[in-house]
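Colleague: I'd like a close look at one spot in this model, please. Could you pick a single residue, walk me through its surroundings, and then place it in the chain as a whole?

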Amino acid sequence: MFEPKFKKIISLFILFITIIAIFYFNNKEYINTFSINSNEPCKLDSFLINNEQGSDNCEKDNCDCKNEELNTFIENIFLVKSKAILNQDLDCICCLYDTSTKYGQWAYEYEERKVKYINNWAEKQGVKFIDISPTIVISKNSKVKDDKATFSIFCNTAYKYAYMDDPSVENISRIGTYHCISLSKSNGEWIITKEWYKDPFADSLCLDNIKAGSIREYIATQEYRDLSNIDERRKDAIKYAKEYCGVSENKEEFYKYNKEYKNFNSDGGDCANFASQILHEGGKFKYTGAWNYDKQKRCATTPWVNADKFTNYMLYSGRASVIAKGSYNDVYKASYKLLPGDFVAYEKKGDITHISVVTGADSKGYSLVTCHNTDRNDVPWDLGWSDKNIRFWLIRVHF
């Protein structure tokens, strides 16, 4: 999507915006939830937004309700994007962006690729997305002028899907994204001129190397896995992960991290830190000289916070072992062996750059993961990580 000479600058800018957004959301302005399904119309002006909760919070937080027009427009942006995924309707999102500008065109092209990727993934998986429900938090630090506006936004999106051969059983995954959106008003209409956000799909928007037909057939033969008899320490690990993942299904736990631990997003990422917390706080793994966190000094050893070092520590200490590793085609069958409390490591160019902890399985027994960086709650373990250059490490943790 991006020209090579701008990639490094853009990556740094996205990281900077993410850090600012995370800080700002401690002073959130209001929360609004809305949901759509594939039977609803898609034009931007056709959405009817229930603003009761937003209005209540405006009064409670003493925010400037004169910006209600823009707030509603922001809500509609996320509705339209969700509708585009459900209906594979790119015309839906094209009208949102000022594609006459370089940044507006880039933002639209990314959304275009994302829509195609998610639907290609659904085809590979043999599922249909049946509902997408975004919940947004607009920062009080957003800036509005007469014809320009900049918003910092957190969006907690629930993706509901069902397998094609068993449509009555619904599965729900939650994903959190941090956005910075710039708007301009032209001829009485607001339009997006820039949009930057940290997206879980940014690392892989290509499924060309996946043998979708044979994979889909294999997945269809799988059955629900009863995980109720797992070790109590594994159950406690799940509980901790769900509470502090940032995209909990419980509204009182929305955007919640454990404040006893430093958020390492500004230092390169929080995924290994969160995985370590899950295993220590939830799974009752004791500190060691190599793997520990000092809550008073708010600092940690490298294996606690670095994805590559975390994986190496777990393996070489004997606390974990490899179930399988390789490309998606190499490991997807073995992924059904994963249990809650195990983890998946994602390798790019010889370096493990991300960690997700297994927290369950969907209606076909497909393993689900929870993590930070970006925030996920019970998301299929490969969604957003299917590029041919990515190798997966499926790791059994020895509780």
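Modeller: What follows starts from one aspartate and then widens to strands, helices and cysteines.

Keep in mind that this is a predicted model. The residue I'd zoom in on is aspartate 375. You'll find aspartate 375 in the loop between strand S13 (367–371) and strand S14 (376–380). Is aspartate 375 buried or exposed? With a relative accessible area of 1%, aspartate 375 is buried, because the cut-off for that is under 20%.

What does the side chain of aspartate 375 pair with? There's a polar contact of 2.6 Å between the side chains of aspartate 375 and tyrosine 257. Tyr257 also turns up in the contact list of aspartate 375, once neighbours within four places in sequence are set aside. The rest of that list is Phe154, Arg174, Ile175, Gly176, Tyr178, Cys245, Gly246 and Val247.

One of those contacts, Phe154, leads us to a pair of strands, since strand S5 covers residues 148–163. S5 runs antiparallel to strand S3, and 11 bridges join the two. For a concrete example, serine 133 has alanine 158 in S5 as its bridge partner. S3 itself (residues 127–139) is mostly covered, with 11 of its 13 residues buried.

Just before S3 in the numbering, there's a helix worth a look. Helix H5 takes in residues 102–125, and its axis comes within 7 Å of the axis of helix H6 (residues 212–220). The two axes cross at roughly 55 degrees, which means H5 is oblique to H6. On the H5 side, the residues that meet H6 are Glu123, Lys124 and Gln125. Their counterparts in H6 are Ala212, Ile215, Arg216 and Ile219.

Now for the cysteines. How many disulfides does a search of the whole structure find? The count is 0. Take cysteine 95, which is in no disulfide: the nearest cysteine sulfur belongs to cysteine 92 and sits 6.8 Å away. Cysteine 95 is partly exposed, at 46% relative accessible area. Cysteine 299 also counts as partly exposed, with a relative accessibility of 36%.

Zooming out, the chain has 11 helices and 15 strands. Of its 399 residues, 56% count as buried, and aspartate 375 is itself a buried residue. As for contacts between residues at least 6 apart in sequence, 69% join residues at least 24 apart.

Note on methods:
Residues numbered from 1 in each chain as written. Predicted model: local features only at pLDDT ≥ 70, side-chain atom pairs only at ≥ 80, totals over all residues. Heavy atoms only, no water. Disulfide = S-S within 2.5 Å. Buried < 20%, exposed > 50% of the residue type's maximum accessible area, 1.4 Å probe, protein only. Helix = DSSP H or I, 4+ residues; strand = E, 2+ residues; numbered from the N terminus. Polar contact = N/O pair within 3.5 Å; in protein donor to acceptor, adjacent residues only side chain to side chain. Contact = heavy atoms within 4.5 Å. Pairing = 2+ DSSP bridges. Axes fitted to C-alpha atoms, helices over the stretch in contact; angles between N-to-C directions. Parallel < 35°, antiparallel > 145°, perpendicular 65-115°, else oblique.
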